[in-house]
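Work through the exercises below with the sequence and the coordinates at hand. Try each task before reading its solution.

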Amino acid sequence: MSAEGLLVVLSGPSGAGKDTVLKRLMEKEPGIRLSVSATTRSPREGEVDGKDYFFLPRAQFDGLVEQDKMLEHAEYCGNCYGTPSEPIEKWQAEGCDVILEIDVQGGSQIKRKRPDCVSIFVLPPSLEVLESRLRRRVTESEEAICKRLAAAKSEIAQAIHYDYIIVNDDLEPAVDQMAGILRAEKQKSARNKDFIERML
């Protein structure tokens, strides 16, 4: 069977529980790696280069873009952010599944560049539950919560363009669903052409 790992695009609105699902999945499935983004902004206190981000000078970042070594990239508030392709390709070659937790815009770029990727969208069971989760954080103003809810509706409208959706109502079933998707993807005949040819 195919020894190469999967490239997985994981998206969903703030409050859907992507981080929680992903953390639990990585505890249960040690062969999964989380992609690290690159940025031109300065490290914040406590951030570690290569773990939180790859902190790059602008010239180096631009060079990677020009050499087509970024799967996706964007500029936000004067700083650049992107996903370097080299670490991902290395992990995949080693047989690890690599997950990119990314917004829908970045996900769209990656799907165009890597149509072999598996795209998964994490949804809350309802907008009411999403609002409740955001309010329970008690870290943002009413205005910020309203902005997040408006952004969530816009993002959820893009879920139709993803291969799979997972409704994160209960953590363990959501994690099991994601693990099941990855297992099923590895069994697809299109990913195992070399194996089939060797059999013949």
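Helices (H or I, at least four residues) and strands (E, at least two) are DSSP runs, numbered from the N terminus. This is a predicted model: local features need pLDDT of at least 70, side-chain atom pairs count only at pLDDT 80 or more, and totals for chains, interfaces and linings use all residues. Residues are numbered from 1 along each chain as its sequence is written, and side-chain values use heavy atoms, with hydrogens and water left out.

**Exercise 1.** Find the buried residues of helix α2 and say what they pack against.

Solution.
- Step 1: apply the cut-offs. Buried means under 20% relative accessible area, exposed over 50%, partly exposed in between (1.4 Å probe, protein chains only).
- Step 2: scan residues 58-66. Phe 61, Gly 63 and Leu 64 are the buried ones in α2. They sit on the same side of α2 because their arc around the axis is only 160 degrees (taken from the directions from the helix axis to the C-beta atoms).
- Step 3: turn to the other side of α2. Ala 59 and Glu 66 are exposed there.
- Step 4: list contacts (heavy atoms within 4.5 Å). The buried residues of α2 pack against β3 (38-39), β5 (70-76) and β6 (79-84).
- Step 5: look past the helix. Asp 68 follows α2 and has a positive phi, near 60 degrees.

**Exercise 2.** Give the strand order of the open 5-strand sheet, then place helices α3 and α4 on its strands.

Solution.
- Step 1: pair the strands. Two strands pair if DSSP finds at least two bridges between them.
- Step 2: read the order. It is β2-β7-β1-β8-β9, with parallel pairing. β2 (32-34) and β9 are the edge strands, each pairing on one side only. From one strand to the next, the twist averages 25 degrees.
- Step 3: check one pair. β8 (118-123) and β9 share 4 bridges in the parallel sense. Ile 120 stands opposite Tyr 164 in β9.
- Step 4: fit axes. They are lines fitted to C-alpha atoms, for helices over the stretch in contact; angles run from 0 to 180 degrees between N-to-C directions.
- Step 5: place the helices. α3 (85-93) lies across β1 (7-11), β2 and β7 (97-101), at about 145 degrees to β7. α4 (104-113) lies across β1, β7 and β8, at about 155 degrees to β1.

**Exercise 3.** Is Val 167 buried, exposed or partly exposed, and which residues does Val 167 contact?

Solution.
- Step 1: locate Val 167. It lies in β9 (164-167).
- Step 2: classify. Val 167 counts as partly exposed because its relative accessibility is 38%.
- Step 3: set aside neighbours within four places in sequence. Val 167 then contacts Leu 123, Pro 124, Pro 125, Ala 174 and Gln 177.
- Step 4: compare sequence with space. Val 167 and Phe 121 are 46 residues apart in sequence, and 8.5 Å apart C-alpha to C-alpha.
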